[in-house]
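Colleague: I should like to go through this model with you and ask on what grounds its terms are applied. Please show the structure before we begin.

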Amino acid sequence: MKWKKSLFLLGLAAVTSYFAIACTGNSSSNTSPTTTPTTAASETTELVVYSGRNQSLVGPVIQKFENQTGTNVQVRYGDTAELAATIQEEGKNSPADVFFAQDAGALGALQKVGQSAKLPQALLNKVDAQYRSPQGEWIGVTGRVRAVDYNTTLVKPAELPQSIFAFTEPKWKDKIGWAPTNGSFQAFVTALRVSQGESKAKQWLEGIQANNPKVFPNNVSIVEALSRGEIAVGFVNHYYLEEFKQEDPKIPVAHYYTGDVGSLVNVAGVAILNSAPHRQLAEQFVTFMLGEEAQKYYATETLEYPLVSGISPASGLKPLDQIKQPKIELSNLNDLSGTLQLLQESGIL
Amino acid sequence: MGFPWKGRRSFSRAPLFLVLPAAVSAIAILLPLTYLVLRTAGVGLEELWTLLSRPRTVAVFINSAVMAAAVTFFSVLIALPLAFLTVRTDLPWRRFWLITTTLPLAVPSYVGSFTLIATFGPRGSLVQLLLAPLGVEELPSLYGWPGVILAITLFTYPYLLLSVRAGLQGIDPAVEEAARSLGRSPQSTFFHVTLPQLNPSLIAGGLLVALYSLRDFGTPSLMRFDSFTRVIFQQYKSSFDRNLAAALALLLVGLLLLILWLEYRVRSRAAYYSYRSTVRRPDQQVELGGWKWLALAFCATVSGLSVVLPLGVTLFWLLRGIGTGVLPWNVWLAAVNSAWGAGLAAVVITLFALPIAILSVRFPSPLTTMVERCSYIGFGLPGVVVALSLVFFGANYLPWLYQTLPMLVFAYLVLFLPQAVGAIRSSLLQVNPQLEESARSLGRSPWQTLKEVTLPLVRPGLLSGSVLIFLTAIKELPATLLLAPIGFETLATQIWQATENVAFTDAAAGSLLMLLVSAGPTLVVLSQEHSSHL
């Protein structure tokens, strides 16, 4: 009984202390982190962004925008697809001004239901037509390229094929690493289906599967395995290796671009909502994201490809216009269900 | 045994202070359902038929039903022996096992599943790397059925354990003594006398386990298992189609209603066994003798997989990355927010659960039964579906409330209400209603009776109910992401951000803090078990 009592007191003490900390901490947190004036008086200087991109990627750029314009930007971070659904549910009453999405498919979905607004032509012109909506309702901010990363001691560049399809040949048996659950990989498979047709896509998946690839949970572990020489080649996004290079410049891994759908460029981009309560600020925000400072930040910090012409990518990266790729409308890459079905039929997922 | 309440009081005589809060809860329960029906109506009939008759949809329905059944079955296999060992035997270090076997409640299932994959995954996992020198290149796959059942069972069996332990302690030892004195063997007494009396606790705990397995998202997605939650999420993600996702969710509601109906059928018969409060005597202790070692091995295996392993892997990630710097300050702020949000939810939801429990036990009527039953639907639905339904109603009809803290707490109410209702209900069933009736006949008003007689008597139920709410609310992710005030970061949202960003050190720090914050309330629950011999 005595033991029970002390257990109870211990637990109770813990719980009450959370509350005590929470009450004090909460009241101070309301005032401390906001650097800008109180929200009530800031009707014109407050902007609401729904971001499907991670805080560690875009947080610092948004901070820069806040500092330079004196705007108070409220960001709701979440999953891109869930935020797209949220905006649709909110309808005209959405508090959001800007939607910052991880992929073009989600932006295309908003455009389809008529919730995004046409962007000013001057802004659209900053980015190659390939990386923005043909209707002008969303625009790419950064690009990520699908690459074949290879271990430089195990593979010579000359051995690498001109097409992603060649990796189904038996010479690549037991040498490939991939991450079939990864979103970017699945976007690539969708592009494969859209550009080459279902049967060729299936052929490719089954061909790779027959080569007994090592399955990884994500791109990072593929690059890690490449650096240890556990696999010879891996299908990844370009920026993971760039991150490794910053820690270890001598890492024995390099990029290769097949020059077909295997080097698909996908984008993260923004749209302004039709219902945006702060339309002008929203345009200012998009302008900033396409401005030199933000684009340079992405190039050097997140190691993505800046999409505005005239800004070069991180040193050592092949410029975007030199990477050959098929013409694919990115907002058409939203039929993921067909891709998942194909992956399941092929016994990969 | 048992008191036939029916006919003694009618619902029309229920006091207003019970009916009004219950009405609020009833509305809360109806909102997601209304939303799902509205959205499903947006799907064309033909499209709806294609979706429903698709082999994959049928497979998902069967997958989910079988998964819920299997997880419940295996949870019983774990919880029943554990409850018996920790209550009725001379198991060595019993207090230690009592605590460690309850702690998995504090481990978020996505953290737990992640650690299981890191340890037992087919390739590149800890075990595979250890066995690699022996030429083992690939372990049997954990993904799919084995992984999903193992992971959900390991992290939800404590619901059953808590409920069975309470049941075991509520049994009047006189009944078992009578059986023994009439010549029954201990085994026969257990199976024919003890076990039937545990039925209500097994059913109540089993229901929570079954519904939790259906609502869980982290485990099916990590284990690549097509349950409703994963497929509904894929529907949002793959075609951005809310209507088809809602149609699938409505199908899930069908499965939930089926389970609730089954439980109701079994429970109504089992209600006969509800116990009266008697003078407590120490339970008889079984001496384990040589079985002690087997019992210890069992406890150690379960705790090893469900507590030590997640803790160990988390610590490993944390220590591996500790060189990179001190914890970012916002982890502490997130911990404060988590405790604040979940604590507020625990208090508010318990207050709303109390009237439902009292109404369903003391004023039974088809209406009160229906409200009590239907409160379980929100608990069985994926968080994202409930969250989107509240996004829809909040943004369009209550914009002043939308994305505020009260709104978030309301979302938690829809999601977690039945955990508190269940706990209070079982406490109340053990209270003799004649105590309340005496108070009334001595001139106390209904309000005074509630305050002075009922509340003190159901205190254990109130406490354990609110703690269960705290433990689940602190882990909640989708509703928190969509409905919290902007910038209100919790440990759950931070762990999610960190894993999205493959920042395992941060994720580990968040998980560890969450475990610490959750451990306190778990101790409170344990201390509320009214056993006399500990």
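**Grounds for the terms used**

Modeller: Apart from neighbours within four places in sequence, B:Ala411 is in contact with B:Val386, B:Ala387, B:Leu390, B:Ala479 and B:Leu483. Please bear in mind that this is a predicted model.

Colleague: What makes B:Val386 a contact of B:Ala411?

Modeller: Two residues are in contact if their C-beta atoms, placed from the backbone, lie within 7 Å. B:Val386 is listed among the contacts of B:Ala411, so the C-beta atoms of this pair meet that cut-off.

Colleague: Which residues touch the most other members of the largest nonpolar core?

Modeller: They are A:Phe99 and B:Ala411, in a core of 264 residues. Helix α14 of chain B, residues 329-362, gives the most to this core, with 18 residues.

Colleague: How do you know that B:Ala411 is buried?

Modeller: B:Ala411 is a member of the core, and a nonpolar core is a set of buried residues. Buried requires 20 or more other C-beta atoms within 10 Å of the residue's own; B:Ala411 therefore meets that threshold.

Colleague: Why is strand β4 of chain A called mostly covered?

Modeller: The strand spans residues 139-151, and 13 of its 13 residues are buried. Each of these residues therefore has 20 or more other C-beta atoms within 10 Å of its own.

Colleague: What makes β4(A) and β10(A) a pair?

Modeller: Pairing requires at least two bridges. β4(A) and β10(A), residues 305-306, are joined in the antiparallel sense over two bridges, so the requirement is met. Here A:Gly143 stands opposite A:Tyr305.

Colleague: How do you know that β4(A) also pairs with β9(A), β7(A) and β8(A)?

Modeller: Six bridges join β4(A) to β9(A), residues 265-272, in antiparallel fashion, with A:Val145 opposite A:Val265. Five antiparallel bridges link β4(A) to β7(A), residues 233-237, and four link β4(A) to β8(A), residues 253-256, again antiparallel. A:Val148 stands opposite A:Phe235 in β7(A) and has A:Tyr256 as its bridge partner in β8(A). Each count satisfies the minimum of two bridges, so these strands pair.

Colleague: How many residues does each chain give to the contact between chains A and B?

Modeller: Chain A gives 47 residues and chain B gives 40. On the side of chain A, α1(A) gives the most, with 16 residues. By class, that side has 24 nonpolar, 17 polar and six charged residues.

Conventions
Residues numbered from 1 in each chain as written. Chains lettered and ligands numbered in written order. Predicted model: local features only at pLDDT ≥ 70, side-chain atom pairs only at ≥ 80, totals over all residues. Nonpolar A, V, L, I, M, F, W, Y, C, P; charged D, E, K, R; others polar. Buried ≥ 20, exposed ≤ 12 C-beta atoms within 10 Å, placed from the backbone. Core = buried A, V, L, I, M, F, W, Y, C linked by C-beta atoms within 7 Å.
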